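Here is a guided read through a structure that may be new to you. Keep the picture open beside the text and look up each residue as it comes.

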Number of protein chains: 2
Amino acid sequence: MRDASHTRQKIHRAALDLFSSRGVAETSVRDLAQAAGIAEGTLYRHYASKDDLVADLFLSNYAAFAERLRTVRAVAGLRARLDAVAALVFGFHDADPTLFRFLLLVQHQALARGGDGDDNPVTVLRAMILEAQAAGEVTMTDPDLACALVLGLLLQPATALVYGRLSGPLLPLSSTVAAACWRTLNP
Amino acid sequence: MRDASHTRQKIHRAALDLFSSRGVAETSVRDLAQAAGIAEGTLYRHYASKDDLVADLFLSNYAAFAERLRTVRAVAGLRARLDAVAALVFGFHDADPTLFRFLLLVQHQALARGGDGDDNPVTVLRAMILEAQAAGEVTMTDPDLACALVLGLLLQPATALVYGRLSGPLLPLSSTVAAACWRTLNP
DNA sequence: CCTCCAAAAGTGAACGTTCACTCACATTCA
DNA sequence: TGAATGTGAGTGAACGTTCACTTTTGGAGG
């Protein structure tokens, strides 16, 4: 047989590119097949449906990033952890901005359908803040608000980059943003 | 003739509800007409197309909010202005969460099509930060990063509310968030 | 005060297009 | 050889939009 995984790779790339630039609903299976250089029917040899492709693309990458985020637990102390998290998020963005944009774009629809398990980056971040709070490293009382604010500081720069309101790689900004997170948690 | 503005109101409400809960592409004109209690053809007496409805709904509300945001210029000093901005944003959300969610949801597509004029809330915020920077009220050097971070602090709580990661009205949180914005701009 | 009318507003079946998906068949390779 | 993979014309459903027609209305003319 031919190399199935190679075909899947081509589908992945085409899907990420088109989904993140046009949106999922605005991308047809025809567009997808053409961009990947395959026939429409071929896509259905690898995925049960268009929705299945979207879900697989989202959930696998979302869970993989949550896993990487969980490794930050090896770092000691909230301040250093925030540095590590910011560097991880921004490095992840810089390594594959298209993937990052896709995850941001699709989470609205995907999370509404109950993809809210433990392999969720937000859940990992929240757990980290709760742990720091228990250790007396966080002044802010509401952990949910704290989580939302840190998330805002981490994600909005990426969004600004999409709209052209910011330029260049994000990684150099990570220590600045990590500091802002720290001061937000500790007024 | 019958009351045309009343029909438009019904269309507006149905459109905001459906668009913000399901998404624009996932809402058909049939759904829209049924929810508004009108016939499909009626919608086209008031809007040239579905896209026209979306654009009108977005641009008018987006510009109106930018206008309200511009009134904050009457407040003196960055610290007080941040308080006013946070209260305005959170109050706007609490008054009509559905509208707020719609604006968040649609801006991705709408702003890509070049709806980036002066009547843009982000432009207003950026101008405010630039002005404060000139007055020596902001330590952070990059105005674009500063703008992105403040935007993140203001918008993410609303997003968290959509996902059920936060509850209750946002307005009571505005002074806390405004303080976080201030500390982010002035390390 | 009533009558009538043109224009505004409302209607929903029908239209052509596009969509996601299927299937009978071709190709490849272990 | 047969199982895996690739193909693209074909399919029915759903979509946005149109249009011939009805209903409603404010105001002009008697």
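Four helices each supply at least two residues of the surface near DNA strand C: H2 and helix H3 (40-46) of chain A, together with helix H1 (4-22) and helix H3 (40-46) of chain B. Helices here are DSSP runs of H or I with at least four residues, strands are runs of E with at least two, and both are numbered from the N terminus. "Near" a strand means that a heavy atom of the residue lies within 4 Å of it. With four residues, H3(B) gives the most to this surface.

Before going further, please note that this is a predicted model, in which local features need pLDDT of at least 70 and side-chain atom pairs count only at pLDDT 80 or more, while totals for chains, interfaces and linings use all residues. Residues are numbered from 1 along each chain as its sequence is written, chains are lettered from A and ligands numbered from 1 in the order in which they are written, and side-chain values use heavy atoms, with hydrogens and water left out.

**Around the DNA strand**

Which residues come nearest to DNA strand C? Of the 22 residues around the strand, they are Arg2(A), Arg2(B), Thr7(B), Arg45(B) and His46(B). On the DNA side, sugar and phosphate account for 63% of the atoms of strand C that come within 4 Å of the protein. By class, the protein surface near the strand has seven nonpolar, seven polar and eight charged residues. In this scheme Ala, Val, Leu, Ile, Met, Phe, Trp, Tyr, Cys and Pro are nonpolar, Asp, Glu, Lys and Arg are charged, and the others, Gly among them, are polar.

Some side chains can be followed to individual atoms of strand C, as the table shows.

| Side chain | Atom of DNA strand C | Distance |
|---|---|---|
| Glu40(A) | base nitrogen | 2.7 Å |
| Thr42(B) | phosphate oxygen | 3.0 Å |
| Arg45(B) | base oxygen | 2.3 Å |

**Chain A and its two domains**

Chain A has nine helices and zero strands. Its C-alpha trace spans about 55 × 35 × 30 Å along its principal axes. The domain assignment divides chain A into domain 1 (1-47) and domain 2 (49-185); such bounds come from an automatic or database assignment. Taken over C-alpha atoms, the centres of the two domains of chain A are 27 Å apart. Where they meet, 17 residues of domain 1 and 14 residues of domain 2 are in contact, that is, they have heavy atoms within 4.5 Å.

About 1400 Å² is buried between the two domains of chain A, and carbon and sulfur atoms give 72% of that. Buried area is the accessible area, with a 1.4 Å probe, that two parts lose on being put together, summed over both. Leu16(A), Ser20(A) and Tyr47(A) supply 42% of the area that domain 1 buries against domain 2, more than any other three residues.

How many salt bridges cross this domain interface? The rule finds one, where a salt bridge is a side-chain nitrogen of Lys or Arg within 4 Å of a carboxyl oxygen of Asp or Glu. The side chains of Arg13(A) and Asp96(A) meet in a salt bridge at 2.6 Å, N to O. This pair links distant parts of the chain: Asp96(A) is in the loop between helix H5 (78-95) and H6 of chain A, while Arg13(A) is in helix H1 of chain A, 83 residues apart.

**Where the chains meet**

Chain A and chain B each bring 32 residues to their contact. The area buried between them is about 2800 Å², of which carbon and sulfur atoms give 67%. Tyr163(A), Arg165(A) and Arg183(A) supply 21% of what chain A buries against chain B, more than any other three residues.

Between the two chains the count is zero salt bridges. Helix H6 (97-112), helix H8 (143-162) and helix H9 (174-185) of chain A each supply at least two residues of the side that touches chain B. H8(A) gives the most to that side, with 11 residues. The residues of this side of chain A divide into 19 nonpolar, seven polar and six charged.

Conventions:
Polar contact = N/O pair within 3.5 Å; in protein donor to acceptor, adjacent residues only side chain to side chain.
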